[in-house]
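Here are some notes for a first look at this structure, set out as numbered points. They deal with one serine and its surroundings, and then with the aromatic rings.

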Amino acid sequence: MNKVNVIKQNLEFIGKTWIKYIGTFASILSLFFLFWTWDDIRITSTQYKCVIIILLCVLALILAILWTCIFKRTKTIWESPSGKIKVCYSDIMKDGFDKRNKEEKLFVIPVNSCFDTIVDEDISTCSKPLVSPNSLHGRWIKTMVNKGFTIEEIDNKIHNCLEMQNLVPKSIIADEDKERGKREVYELGTVAMIRGNNNSTFLLLAISEYDKDNIAHTSVDDLEMCIKSLLNFYDQHGQGHRLVIPLMGTNLSRAGLSHNDSLRVITSLFQLYGDKIHGEVDVVIYKGDKDKVTLDI
């Protein structure tokens, strides 16, 4: 993560924070001079007074940069009597499998419309790789396996959840069109709820479809529709638990969204349908992407 890019990305927020710190220092100085004068502290030169004021401004700027780049991790952007939306820097995978979790949480994992569970680490062994190990989908599957779940167990949980919702595939891919993986294609926006460990439940959200070469594709319109579907699911099944959702539509999903664009799309839709939020929603920006997106939206 490039610290210079982090500063560039957050210039507006740094400026606002700097002004706040200057105001704080000015208030402290005003209180100080209620009891003492410059003469009392033996500073009579105008030059020295200017130097002190400049140093305080520089200190305020340094504190603003440190707060933004290191300490600032959360911002509440919307709140109602029944819920709130926060944007934060974190790692959804680390949080989803954290043994210290005491609170029930729902973690959204974007997946493809077949809910594939084959992660191809070595692409030299297959002509058309399926789930990328670098995607959140792939990282989730690998972590589930590392935590003691077998692929068969994961597949059964997905199948049982979809069946419990009385969902049927919209189509079946022919064997010759997809040699490996699942062939049942579900509607975009379909959600499969999978119970993990440590009070974590994962909501697998179908946001992309594979083409004949197993390359994932989605569009901004598809993403917006999927988010609306997720909100309806959360409204019906969330029970007020905290919902944790990552940025979607960037990188391997090929929706063409920048990280800032993805954040705006997700937060705008969640605010638009705020009546469906009955708990806290955390929109998570991967902490390594601070140089790509700002909390100050």
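1. Please keep in mind throughout that this is a predicted model. A place to begin is S135, which sits in the loop between β3 (105-112) and α5 (136-146).

2. With a relative accessible area of 16%, S135 falls under the 20% limit and therefore counts as buried. The side chain of S135 makes a polar contact with the backbone oxygen of S132, at 2.8 Å.

3. Turning to the aromatic residues, how many aromatic pairs does the model hold? The count comes to eight aromatic pairs. One of them joins F33 and W38, whose ring centres are 4.9 Å apart; because their planes meet at 45°, which lies between the limits of 30 and 60 degrees, the pair is tilted.

4. Neither ring of that pair belongs to a buried residue: F33 has a relative accessible area of 28% and is partly exposed, and W38, with 21%, is partly exposed as well.

5. Another pair is formed by F107 and F202, with ring centres 5.9 Å apart and planes at 35°, so that this pair, too, is described as tilted. Since F107 lies in strand β3 and F202 in strand β7 (residues 200-210), the pair ties together parts that are 95 residues apart in sequence. Both F107 and F202 are buried.

6. Finally, F33 and W38 should be viewed together with their aromatic neighbours, as F32, F33, F35, W36 and W38 form one aromatic cluster.

How values were computed
Residues are numbered from 1 along each chain as its sequence is written. This is a predicted model: local features need pLDDT of at least 70, side-chain atom pairs count only at pLDDT 80 or more; totals for chains, interfaces and linings use all residues. Side-chain values use heavy atoms; hydrogens and water are left out. Helices (H or I, at least four residues) and strands (E, at least two) are DSSP runs, numbered from the N terminus. Buried means under 20% relative accessible area, exposed over 50%, partly exposed in between (1.4 Å probe, protein chains only). A polar contact is a pair of N or O atoms within 3.5 Å; within protein, one must be able to donate a hydrogen and the other to accept it, and residues adjacent in sequence count only if both atoms are side-chain atoms. Rings of Phe, Tyr and Trp (its six-membered ring) pair if their centres lie within 6.5 Å; planes under 30 degrees apart count as stacked, over 60 as edge-to-face and the rest as tilted.
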